[in-house]
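Work through the exercises below with the sequence and the coordinates open. Each task is followed by a solution in steps.

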Amino acid sequence: MTQPVIYLDNNATTRVAPEVFESMVPFLTDLYGNPSSMHDFGGNLQEYVEEARAQVAALIGAEDPSEIIFTSCGTEADNTAIASALRANPGKKHIITSKVEHPAVLNYFEYLENSGYEVTWLPVDGDGLLDADRVEAAIRDDTALCSLMWANNETGVIFPIDQIGERLKKHGVMFHTDAVQAVGKIPIDLSRTPVDMLSLSGHKFHAPKGIGALYVRRGTMFYPYLIGGHQERGRRSGTTPVPLIAAIGTAAKLAIASMESEATSVSALRDRLEEGIRATVPGIVFVGDRKNRLPNTANISFEYVEGEAILLMLSEENIAASSGSACSSDSLEPSHVLRAMGLPFELCHASIRFSLSRYTTVSDIDIAIEKLPGVIANLRNISPFTPPEMRG
Amino acid sequence: MAWKYSKKVRDHYLHPRNVGEVNNADAIGEIGSMVCGDALKLTLSVDKTTDRILDAKFQTYGCGSAIASSSALTEIIIGMTIDEALNVSNQDLAEYLDGLPEEKMHCSVMGKEALEAAVANYRGEDHSHEEEDEGKIVCHCFAVTDRQIEKAITENSLTTVGQITNYTKAGGACGSCLGKIDTILQSVLSRSRPMPEPRQNDFEPIVKPEGKMSMFKKIRLIEEVLEKEIRPALGYDHGGLELLDIEGNTVYIRLTGKCHACTNNDSTLAFISSQLENILGEPIDLQNLE
C-alpha cells in the first residue's frame, strides 16, 4: 500500500506515538539489562520502571505508584482482577457484571457461571446506558465482585463509574472496572472515584501492544495470577519488559499533557464526521447515547446494507473502520453490545464504528465523508430491501 | 477478522455482474432476510419454448462473499436451460470464485437455494405443497430446516456439526440446536453407511482446544470423541450411538444397533463417559435415553 491509510479504527488499536518509540530505543539497544539483576547494569534499570509506574499512576489519579502492577495486556489485567477478587471473597458465590462487557470480562464471567457462580448480567438501556440504582439493586449479601467497564469499546458509551463506585462502597462490594477504552481518552481520578481495581492497556493510547496495567487500591486484598519470580513485588511474575514499560510511561505522560485539548479537537473531528455523514447519506441511525460517550467514537448504522460489505468497500478506498456485523467476526451472531441495547438485528448487521485519535486529520475525515456516500449508495443499489427513493 | 478472499471473489463483490431485476421476470426466487444477515432475490427471463435462461439478475443484502456468490450464480446460469441450471451445485459456485472461506460456504448455499426457489416459481409448483416439503425448522435463529441441513450434508459430504454451521449457518448463533443438528447428521451418515464399518483409528490425538470452552466448542469436541474414539469401538460389536443433547455437563445419548439390545450396557456407558471425561478434562453425566 503506497497511500497512507485513513485509520478510523483506534478503538481496536492505535499508532505508536513517535515520542513513545524514541523512549523505547535505549532499552532495545544499549540498556538491555534485567532490572532484577544484582549488578548495576541491570539493577539500575528499575528506576526507569518506577518512573513509568509513576506516570501511569498519574494518568489515572492513583494516590501511590505502588498501586500499579504492569501486565502483558488488558485481558491479563481483567482476568487477574477477577480471579483475585474471588479468592479474596471465599464463600461468596454471586458476581455482577453487564451484558455489554469486553470478552475479557464477559467470557470469564460465563466460565465462572458454568463453574457454579451465580451471575447477575445487568442490562443496558437503548442508548447503552447503565443506571447506578440498577447496580445497587443487584447487590446481595454474598456478592463477591462487581465488574463493569468504564467506557464501551463499540459505542464509546460511558458508565457512571463514580456513582456506581459509591454505591458498591456503601455495601462493601469489591469493584473492578475495565477502563481499557477510557484511559487516555477521558480524565480518570481514582483519588476521588472509589474503585478497587482498574484495568488499562497501553496500545489503546499510543504505546505498543504487549503492555497493560492493573491498578489495585492500597488495602485491597490481592492474589497474583502468574506465580513465579518476585517481579512487581511478587504481584505479577515474569521478566520485567523494560522497553514496553518505558513506552507505556511515555504514552501516559503524553496523554496527560494532551488530554484536555484532544477531548475538544478529537470530538470536533468526530462531530464533523457524523454531521458530514448525516448530510450526505439518508437512512442512518446513530447508535449509543450522544452525551455520555468517548470523544473519539462514532457508531452509525446504515439501513438496508450489511456491515462487512461496507468495510470491504471502505478498505478498497483505503479507509479502515470496524463493524458490529456478524459477518465481520468469526461468529454468526452480530455484536452482543448492540443486541443488549435492543437494536434490531438488521441494524446490528449494518453498524459501523469509526474511532479517531490525536493523529486523525481534518483531511482524513473529509475523505471519509467524500467516499462513504458512494459506498453506501452502491451497496443499496445491490440490496433487495432498499426503497425506490434511495436507489440511484 | 479479515477473511482471505480470492481475487475472483474480490472482483465479484467490487464489480458485481447482473445487479438488479429482470423486467417482466418469468421466475423469481427470494431467500433469506435482513434479520438473518443475508438475503438474495434472483429474477430470471426464460425462453418458454426452450426453457433456456435468457437473462438473470440479482439483488443481495449481505457480506462480500454473499454478493460475489450471487454475481457468480447469474454469470454461470445465463444461457443454460432450467434443467442444466438445477444441476449447478453450491460447490460449483464456490469453484467458479476460486473458492470461498469455509465459514462463508453458506453464501454459496444461499445462491443455490435462490436458484431452486426461482425454478419452483417458474414451474408454478404448488406453494403449499412446497412448504410441506421444506421440513421442520431446526435452527430458529437462522430459520434453517431439517431438510436444508440434510441437503447440505449430502451435497457437500459434510461429516461434522461445525461444517454444517459453515454451510447453512444453523447452530451458529445461540447454539441450542447443535444437539439436534448432530442427530440429523448421524441419521444421514448412518443412511449412507447402513452398517457401521469397523474402521481403523487414524491415531491423530484429539486435542482439547485452548481457552474457554463455549457450548459450541464443547459439542464439537464431544462429537469428535464420539466419531473418532467411540463409534469405531462400538462398530466392532455392530452397535452405534446417537448424540441427542447436551445440557451443561449432562450428555444425552441413545445406544443403537446391537448396543441397544445389549445386556452389557453399563460397561459400555462407563467406557464412553471415561473417554469423554479424559478429553474434556471435566466430569460428565452420561444419560442413555431409551
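## Exercise 1: two domains of chain A

Task: state how far apart the C-alpha centres of domain 1 and domain 2 of chain A lie, and describe the side of domain 1 that touches domain 2.

Solution. The model is predicted.

Step 1. The C-alpha centres of domain 1 of chain A and domain 2 of chain A are 28 Å apart. The domain assignment places 6–12 + 259–384 in domain 1 and 18–255 in domain 2.

Step 2. Contacts between the two involve 21 residues of domain 1 of chain A and 21 residues of domain 2 of chain A.

Step 3. On the domain 1 side, strand S10 (297–302) and helix H10 (336–340) of chain A each supply at least two residues. The largest share, four residues, comes from H10(A).

Step 4. Sorted by class, this side of domain 1 has eight nonpolar, ten polar and three charged residues.

## Exercise 2: the open sheet of chain A

Task: give the strand order of the sheet that contains S9 and S12 of chain A, and explain why one side of each of these strands lacks a neighbour in the sheet.

Solution.

Step 1. The sheet is open and has four strands in the order S9-S10-S13-S12 (chain A), with antiparallel pairing.

Step 2. Strand S9 (284–286) and strand S12 (322–323) of chain A are at the edges; each has a single partner strand, so one side of each is left without a neighbour in the sheet.

Step 3. For S12(A), two bridges lead to strand S13 (residues 351–355) of chain A, and the two strands run antiparallel. In this pairing A:Ser323 stands opposite A:Ile352.

## Exercise 3: helix H4 of chain A

Task: test the length of helix H4 of chain A against the expected span, then decide whether the helix is largely enclosed or not.

Solution.

Step 1. H4(A) covers residues 74–88, which is 15 residues. The expected span is 1.5 Å times one less than the number of residues. For H4(A) this gives 21 Å, and the end C-alpha atoms are 21 Å apart, so the two values agree.

Step 2. A residue counts as buried if 20 or more other C-beta atoms lie within 10 Å of its own. Eleven of the 15 residues of H4(A) are buried, so the helix is largely enclosed by the rest of the structure. Among them are A:Gly74, A:Glu76, A:Asp78, A:Ile82 and A:Ala85.

Step 3. The buried residues of H4(A) pack against helix H5 (103–114) and against strands S2 (68–71), S5 (143–149), S6 (175–178), S7 (197–201) and S8 (212–216) of chain A.

Step 4. A:Ala77, one of the buried residues of H4(A), is also touched by A:Ala213. Other residues that A:Ala213 touches include A:Val56, A:Phe70, A:Leu200 and A:Ile248. In the largest nonpolar core, of 190 residues, A:Ala213 is one of those that touch the most other members. Helix H8 (residues 242–280) of chain A gives the most to this core, 14 residues.

## Exercise 4: strand S2 of chain B

Task: find the partners of S2 of chain B and the elements of chain B that touch chain A.

Solution.

Step 1. Seven bridges join strand S1 (residues 27–33) of chain B to S2(B) in the antiparallel sense, and B:Ile31 stands opposite B:Leu40. Four residues separate the strands of this hairpin, and B:Gly37 in the turn has a positive phi of about 100°.

Step 2. S2(B) also pairs with S3(B), antiparallel and over nine bridges; here B:Ala39 stands opposite B:Tyr61. This hairpin too has four residues between its strands, with B:Asp51 in the turn at a positive phi of about 65°.

Step 3. Eight of the ten residues of S2(B) are buried.

Step 4. Between the chains, 22 residues of chain B are in contact with 25 residues of chain A. Helix H1 (7–14), strand S2 (38–47), strand S3 (52–61) and helix H2 (64–77) of chain B each give two or more residues to this side. The largest share, three residues, comes from S3(B). By class, the side has twelve nonpolar, six polar and four charged residues.

## Exercise 5: positive phi in two loops

Task: are B:Ser157 and B:Lys169 buried or exposed?

Solution.

Step 1. B:Ser157 is in the loop between helix H7 (146–156) and helix H8 (161–168) of chain B, and has a positive phi of about 50° although it is not a glycine. With 9 other C-beta atoms within 10 Å, B:Ser157 is exposed.

Step 2. B:Lys169 is in the loop between H8 and helix H9 (178–192) of chain B; its phi is near 75°. With 27 other C-beta atoms within 10 Å, B:Lys169 is buried.

Definitions and conventions. Residues are numbered from 1 along each chain as its sequence is written. Chains are lettered from A and ligands numbered from 1 in the order in which they are written. This is a predicted model: local features need pLDDT of at least 70, side-chain atom pairs count only at pLDDT 80 or more; totals for chains, interfaces and linings use all residues. Two residues are in contact if their C-beta atoms, placed from the backbone, lie within 7 Å. Ala, Val, Leu, Ile, Met, Phe, Trp, Tyr, Cys and Pro count as nonpolar, Asp, Glu, Lys and Arg as charged, and the others, Gly among them, as polar. Two strands pair if DSSP finds at least two bridges between them. Domain bounds come from an automatic or database domain assignment. A nonpolar core is a set of buried Ala, Val, Leu, Ile, Met, Phe, Trp, Tyr and Cys residues joined through C-beta atoms within 7 Å. A residue is buried if 20 or more other C-beta atoms lie within 10 Å of its own, exposed if 12 or fewer, and partly exposed in between; C-beta atoms are placed from the backbone. Lists of a residue's contacts leave out its neighbours within four places in sequence.
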